[in-house]
Amino acid sequence: MRKYLYIYKSEVMTNLQYIVDILVGFISYCIIIFIFLNLWNYIYSDPSELINGYNMNQMIWYVTITEILWMSISGRKLCRKICNDVRSGNIAYNINKPYNYVEYSLFNHLGVVTIRFVCVFVLGIAMGIIFLRSIPSLNVLQIAGFLLTCLLATVINILLIVAIGLISFFIEDANPFYWLYSKLILVVGTIFPVEFFPGVIQPIIKASPIYVVSYGPARLFVNFETSQFINVIVAQIIYLIISFSICHFIYSKGVKRLNVNGG
Amino acid sequence: MLTAVKNQIKVSFLSTRYALEREMLNKVTFITNIIFMILNNSCFIVQWIILYSIKDNIGGLGFKELLLLWGLAAGTFGFARFFCESAFNISDAINKGTLDNYLVQPKNVLLSYITSTVQVSCLGDMLYAYIMLFIYGITVKSFILFTFFCINGALIVVALAIIFGSLSFWFGRVELVADTMNSLMVNFATYPDGIFKGIVKILFYTIIPLEFVNYIPIRLIIDFNLNSFIIVIAVTIFFISLAFIIFYQGLKRYSSSNLMNVRI
């Protein structure tokens, strides 16, 4: 475990050197929040009106939190890196090291996400307060619980993206699978809470990764309930085990197919 | 003069064709890229179905008009990225000095460079655009206008990418600025302009000219108006001319990095 913590720490240190680049990269985040602010402002004729149980402020806070989780992941970069590692044969340099490639990818990318999460979280909360002039009231324990769900959501999300990237062992380019995954998370989990979907679809969404990587933490932020918190944590632990197992399964099957030409 | 232009266009198309043939070497990846891009775009229809279940009219557009807007946005960026992918990496090329290859060719440097690569997945965007037009209701008139505005919008998008990317001739590493401007265009393009107010509206007519790329063309496809049509064309010519002027002014400051590379 210590070696993975070392990988994590060195990645955090590396990313601290590029803090300005990271901050400039969050302009997109500001634009997205700005667009949704305008969109929900337009749709809610009265800010206190309830649509599917959410008032305007809650909707905007929901999008702010889900976008924080999504933007801090930088999933495209991770998926592309794994695809390139497999396609170019670079993965051979990782295979002969005294660590597992899946865990290495997880901790290495967690180092990237940590800095991004802190920056975009501060930015998101600041934007929310500036535009909405209010923030959901949470006590210290509730904030700790919310942050724990964010951490687990991030780990599960990274593992699922690693699993998608590892599909490159079987087909040359796994990036299109990532596009689809990202759009599903974005449209079904990030833009709207589950309650906005037809009743028939809601149980399916709640059983999907969308519930644990996006909806769960954001829902806790806008309306914290202890029973909901327990549900989210239990679902996240189950998904953590599943996603970890899937990564190892794909990796163990895929690495046998690896054929690297020297040069 | 006309023969030179004709030759240049022919060379640009040949360049695109060879770049496409390179990408088609792996057929599975080629087809997967296109199909998944269509699926990727289709996901957003869910977002609008939900929003339109709450409100019938968003920003002045009904659901079908919104699909047309999506189609036009996908088509515009699809055409731009497919035929002129390198225009979006111009800043990087200036900084790394990889324009050398194009400087020694007896053809237009800018056109040769921007048509040197293609992004295959954008074929998916282009197909998706016409699927949206089909859902909206395809007629000969709407098909011609839609295709025209996709190409016209793509020209403005490419021109802006060249303008922002060319700032590297003066200011060095401006990739982030160029990328941000490009992502600004993409992010705003798929939302009706009616939901925005104030300064954003001014931006839509100036540095993020989406009014001329998407919004006025949508209104023209729905209800044609000659004056607006002429204005859109005039603005397109303005941005293209500005892109050429800025690029060639900047090119005078270009210096090679002595980077050895081979184009295959």
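**Chain A, its contact with chain B, and the salt bridges**

Of the 263 residues in chain A, 56% are buried. That figure, like everything that follows, comes from a predicted model. As for secondary structure, chain A has 12 helices and zero strands, so anyone reading along the sequence meets the pattern α-α-α-α-α-α-α-α-α-α-α-α. Along the principal axes, the C-alpha atoms of chain A fill a box of roughly 65 × 45 × 35 Å. The radius of gyration of chain A is 19 Å, which agrees with the value near 18 Å that a compact globule of 263 residues would have. Contacts in chain A also reach a good way along the sequence: among those between residues at least 6 apart, 80% join residues at least 24 apart.

A few single residues of chain A are worth a stop. A:Ser74 is not a glycine, yet it has a positive phi of about 50°. This serine sits in the loop between helix 4 (56-73) and helix 5 (75-88) of chain A. Is A:Ser74 buried or exposed? With a relative accessible area of 14%, A:Ser74 falls under the 20% cut-off and therefore counts as buried. Leaving aside residues up to four places away in sequence, A:Ser74 touches A:His109 and A:Arg116.

A:Arg133 also has a positive phi, here about 60°, and is not a glycine either. The loop that holds A:Arg133 runs between helix 7 (101-132) and helix 8 (140-166) of chain A. Its surroundings are another matter: A:Arg133 has a relative accessible area of 72%, which is over 50%, so this arginine is exposed.

A:Thr190 belongs to helix 9 of chain A. At a relative accessible area of 0%, A:Thr190 is buried. What does A:Thr190 touch, not counting residues up to four places away in sequence? The list consists of A:Tyr62, A:Val63, A:Thr66, A:Glu67, A:Ile185 and A:Ser214. A:Val112 is 78 residues from A:Thr190 in sequence, and the two are 21 Å apart in space, C-alpha to C-alpha.

Next comes the place where the two chains meet. Chain A brings 28 residues to the contact and chain B brings 34 residues. The size of an interface is often given as the accessible area lost when the parts come together. By that yardstick, chain A and chain B bury about 2900 Å² between them, with 79% of it on carbon and sulfur atoms. Which three residues supply more than any other three of the area that chain A buries against chain B? They are A:Ile35, A:Tyr42 and A:Trp179, with 22% of that area.

How many salt bridges are there between chain A and chain B? The count is zero. Polar contacts do turn up across the interface of chain A and chain B, in three residue pairs. On the side of chain A that touches chain B, helix 2 (19-25), helix 3 (27-43) and helix 9 (175-191) each supply at least two residues. Helix 3 of chain A gives the most to this side, with 12 residues. Sorted by kind, the residues of chain A that touch chain B come to 22 nonpolar, two polar and four charged.

Over all chains, a search of the whole structure finds eight salt bridges. One of them pairs B:Arg17 with B:Glu21, whose closest N and O atoms are 3.3 Å apart. Why are these two separated by about one helical turn? Because B:Arg17 and B:Glu21 are four residues apart in helix 1 (residues 2-23) of chain B. B:Arg17 is partly exposed at 46% relative accessibility, and B:Glu21 is partly exposed at 40%.

Another salt bridge in chain B joins the side chains of B:Glu85 and B:Arg81, at 3.6 Å from N to O. Here B:Glu85 is buried, with a relative accessible area of 10%, whereas B:Arg81 counts as partly exposed at 25%.

The side chains of B:Asp193 and B:Arg219 also meet in a salt bridge, 3.4 Å from N to O. B:Asp193 lies in the loop between helix 10 (175-189) and helix 11 (199-205) of chain B, while B:Arg219 is in helix 12 (residues 210-222), so the pair ties together parts that are 26 residues apart in sequence. Relative accessibility is 8% for B:Asp193, which counts as buried, and 40% for B:Arg219, which counts as partly exposed. The pair also belongs to a network of salt bridges that links B:Asp193, B:Lys201, B:Glu211 and B:Arg219.

Definitions and conventions. Residues numbered from 1 in each chain as written. Chains lettered and ligands numbered in written order. Predicted model: local features only at pLDDT ≥ 70, side-chain atom pairs only at ≥ 80, totals over all residues. Heavy atoms only, no water. Contact = heavy atoms within 4.5 Å. Buried area = accessible area lost by both parts, 1.4 Å probe. Salt bridge = Lys/Arg side-chain N within 4 Å of Asp/Glu carboxyl O. Polar contact = N/O pair within 3.5 Å; in protein donor to acceptor, adjacent residues only side chain to side chain. Nonpolar A, V, L, I, M, F, W, Y, C, P; charged D, E, K, R; others polar. Rg over C-alpha atoms; globule rule 2.2 N^0.38 Å. Buried < 20%, exposed > 50% of the residue type's maximum accessible area, 1.4 Å probe, protein only.
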